[in-house]
Amino acid sequence: MNSDRSTPRVRIRLGSRLWFWRVLSVFFLLMFVAIGVKSHYFERVLCKFGLIEDNMVGGDYWAKVGWTNTLEKLNINADIVFFGNSITKGASFHENFSDRLIVNLGYPGDGMKGMLTRIQQVRCVRPNKIFMLAGINDINRMDESEFRSNYEALVDSLLTIVPADGLYIESLLPVNNKFHIDNGLIVERNRLIRSIADAKGCRFLNVHALYCEDGELPDGLTRDGIHLRPEAYGRWAEMLKPYIYGD
């Protein structure tokens, strides 16, 4: 009788343990899925097997798609597009040139490959002139050959939108010792960028010279060693005036 009475209790204990391990397994499965989604692991696996393209990997892909869709629906003809990364985004040139329709397409953290995926954003607003700043986020990731090939691809893509005399290629800005980029390398890449601009017949704007003091970006002009303070953009705007209003 004692054995018979204990059987249900044993079953209850076994059932409780099974339930616990099932819940724990589901918990770890959900954690794995969450981490995989956040790190874009699943997208990268799909990319590896050729099921999606490289430029679809990353949470910013859908942001870019939505942004492009909005710009297309606006159906505007821009006078000027500023195309670049967070340094471009930080500018308020629409306030300096309020009589021009200006679209700022600065995207924080963007490199040249990312900008190539955003060419349609530039195209759909039909600009007369494009001012492009690119490369600072690639400078530690690419050797000279890769940097050149990606920069040339970006320039060539923009030249399908505007003629060469409508594309203004801006130099990289200096940084200071708060930031982990070699200013000497920036100078070298600016020489490379200038050679590309000359070869393509585009206009090269030496923004670097506006902000370089003793070989680096002064502390008073930057908040973190690389990004400009809002008031520091004034000298850049002054430099742009003849190009904004000129032919």
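Two strands pair if DSSP finds at least two bridges between them; helices (H or I, at least four residues) and strands (E, at least two) are DSSP runs numbered from the N terminus. This is a predicted model, in which local features need pLDDT of at least 70, side-chain atom pairs count only at pLDDT 80 or more, and totals for chains, interfaces and linings use all residues. Residues are numbered from 1 along each chain as its sequence is written, and side-chain values use heavy atoms, without hydrogens or water.

Q: Over how many bridges do S1 and S2 pair?
A: S1 spans residues 80-84, and S2 spans residues 102-106. The two strands run parallel, and the number of bridges is 5.

Q: Which residue of S2 is the bridge partner of glycine 84?
A: Glycine 84 is in S1, which covers residues 80-84. Its partner in S2 is glycine 106.

Q: Which residue in S3 stands opposite valine 81?
A: S1 also runs parallel to S3 (residues 129-133), joined by 4 bridges. Opposite valine 81 in S3 is isoleucine 130.

Q: Which residues of S1 lie on the side opposite Ile80, Phe82 and Gly84?
A: In a regular strand the side chains alternate between the two faces of the sheet. Both faces of S1 are covered, and 5 of its 5 residues are buried (under 20% relative accessible area, 1.4 Å probe, protein chains only). Across from Ile80, Phe82 and Gly84 are Val81 and Phe83.

Q: Why is aspartate 143 classed as partly exposed?
A: Aspartate 143 sits in the loop between S3 and helix H8 (144-158). Partly exposed is the class between buried and exposed, the latter being over 50%. Aspartate 143 is in that class because its relative accessible area is 47%.
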